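Here is a protein model to explore at your own pace. Keep the picture open while you read, and look up each spot as we come to it.

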Amino acid sequence: MDRGLIFDMDGVILDSEIRYFEAHKKMFEELSVTIPHAQYATFMGKTGDEMWVEIIEGNGLPHTAEELLEIEHEMFQHYAKAEECGIKDGVRQLIANAKEAGFKVAIASSSAKEKIERVIRHYGLDVEIYTSGFEVPRSKPDPAIFRLTAERLGVSPERCIVIEDAANGMIGAKRAGMEVIALLDDRMPKQLLDHADHQANSHDEIWKILSSR
């Protein structure tokens, strides 16, 4: 019976979350707002517009989400361009091992479809199936992106394992009926891991979890 392995992209495949974090800190300073690490952790896995709407409303900022998204885009182009972030150690080997073991591999990311395609192409990732958060009505923690990805894989949700670094993604995957592996990164604000079935510090550790079953 087929099994699916679904990767989040930012922070799991692409080593980008730390760069986004640094760029956002610069924006927060320029906007004169204080965002505690615990609050920032709740934004991870969501789309940018959702984050900025919450910050605008919570701080009474005289900006629109569209204006801040435009500034964010410029910051990311300078500090966090996808082609310059690099990928996490062991990603390619994990994908190869998983495929050899019979897993169907996919990406489910809140990023735009065009960005996902750029990352796959630039880094030569052996992934054919991918889903963008812009293809579903609501982003993570809603389970829709994971259900759509499972459908595209042709694998039932209970046969899918999701690798996530963000609590919102973990919650969405569990709501979709999937098993979750949390990939930890001690450079980032700590995530709530209540919804993770397993925890790993590297892709090598993830493979140990997968190969032990």
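## The surface and its charges

The protein chain exposes about 10,200 Å², and 48% of that area comes from carbon and sulfur atoms. Areas here are worked out with the Shrake-Rupley method and a 1.4 Å probe, and for residues only the protein chains shown count as cover. Bear in mind that this is a predicted model, where local features need pLDDT of at least 70 and side-chain atom pairs count only at pLDDT 80 or more, while totals for chains, interfaces and linings use all residues. Residues are numbered from 1 along each chain as its sequence is written, and side-chain values use heavy atoms, with hydrogens and water left out.

What about charge? The chain carries 25 positive and 38 negative side chains, with Lys and Arg counted as positive, Asp and Glu as negative, and His and the chain ends not counted. Put each charge at NZ of Lys, CZ of Arg, CG of Asp or CD of Glu, and the centres of the two sets turn out to lie 5 Å apart.

## The overall build

Ten helices and six strands make up the secondary structure of the protein chain. Both are DSSP runs numbered from the N terminus: helices are H or I with at least four residues, strands are E with at least two. The radius of gyration is 17 Å, close to the 17 Å that the globule rule gives for 213 residues, so the chain is as compact as a globular protein of that length. That radius is taken over C-alpha atoms, and the rule is 2.2 Å times the number of residues to the power 0.38. Along its principal axes, the C-alpha trace spans about 55 × 30 × 30 Å.

How much of the chain is buried? Of the 213 residues, 52% are. "Buried" means under 20% relative accessible area, "exposed" means over 50%, and "partly exposed" is in between (1.4 Å probe, protein chains only). Now take the contacts (heavy atoms within 4.5 Å) with a separation of 6 or more: 63% of them are between residues 24 or more positions apart.

## Salt bridges

How many salt bridges does the structure hold? There are 15, each one a side-chain nitrogen of Lys or Arg within 4 Å of a carboxyl oxygen of Asp or Glu.

Go and find lysine 88, which is buried, with a relative accessible area of 13%. Its side chain meets that of aspartate 15 in a salt bridge (3.8 Å, N to O). These two link distant parts of the chain, 73 residues apart: aspartate 15 is in the loop between strand 1 (3-7) and helix 1 (17-31), and lysine 88 is in the loop between helix 5 (82-85) and helix 6 (91-100). Aspartate 15 is buried too, at 18% relative accessible area.

Lysine 88 also pairs with aspartate 185 in a salt bridge (3.1 Å, N to O). This pair is 97 residues apart and again links distant parts of the chain, with aspartate 185 in the loop between strand 5 (179-183) and strand 6 (198-200). Add Arg187 and you have a network of salt bridges, joining Asp15, Lys88, Asp185 and Arg187.

## The loop before helix 8

Next, look at the loop between strand 3 (129-132) and helix 8 (144-153), where you'll find proline 143. Proline 143 counts as buried, at 8% relative accessibility. Leaving aside neighbours within four places in sequence, proline 143 touches Gly172, Arg175 and Ala176. Its C-alpha is 5.1 Å from that of alanine 176, although the two are 33 residues apart in sequence.

Proline 141 lies in this loop as well, and the peptide bond leading to it from lysine 140 is cis, with omega near 15°. Aspartate 142 forms a salt bridge with arginine 138, with the closest N and O atoms 3.1 Å apart. Aspartate 142 is buried at 17% relative accessible area, whereas arginine 138 is exposed at 51%.

## Two more stops

Tyrosine 79 is in helix 4 (residues 65-79) and is partly exposed, at 33%. Which residues does tyrosine 79 contact, leaving aside its neighbours within four places in sequence? They are Arg19, Ala23 and Lys26.

Finally, serine 32 has a positive phi of about 60° although it is not a glycine. Serine 32 lies in the loop between helix 1 and helix 2 (37-43) and is exposed, with a relative accessible area of 66%.
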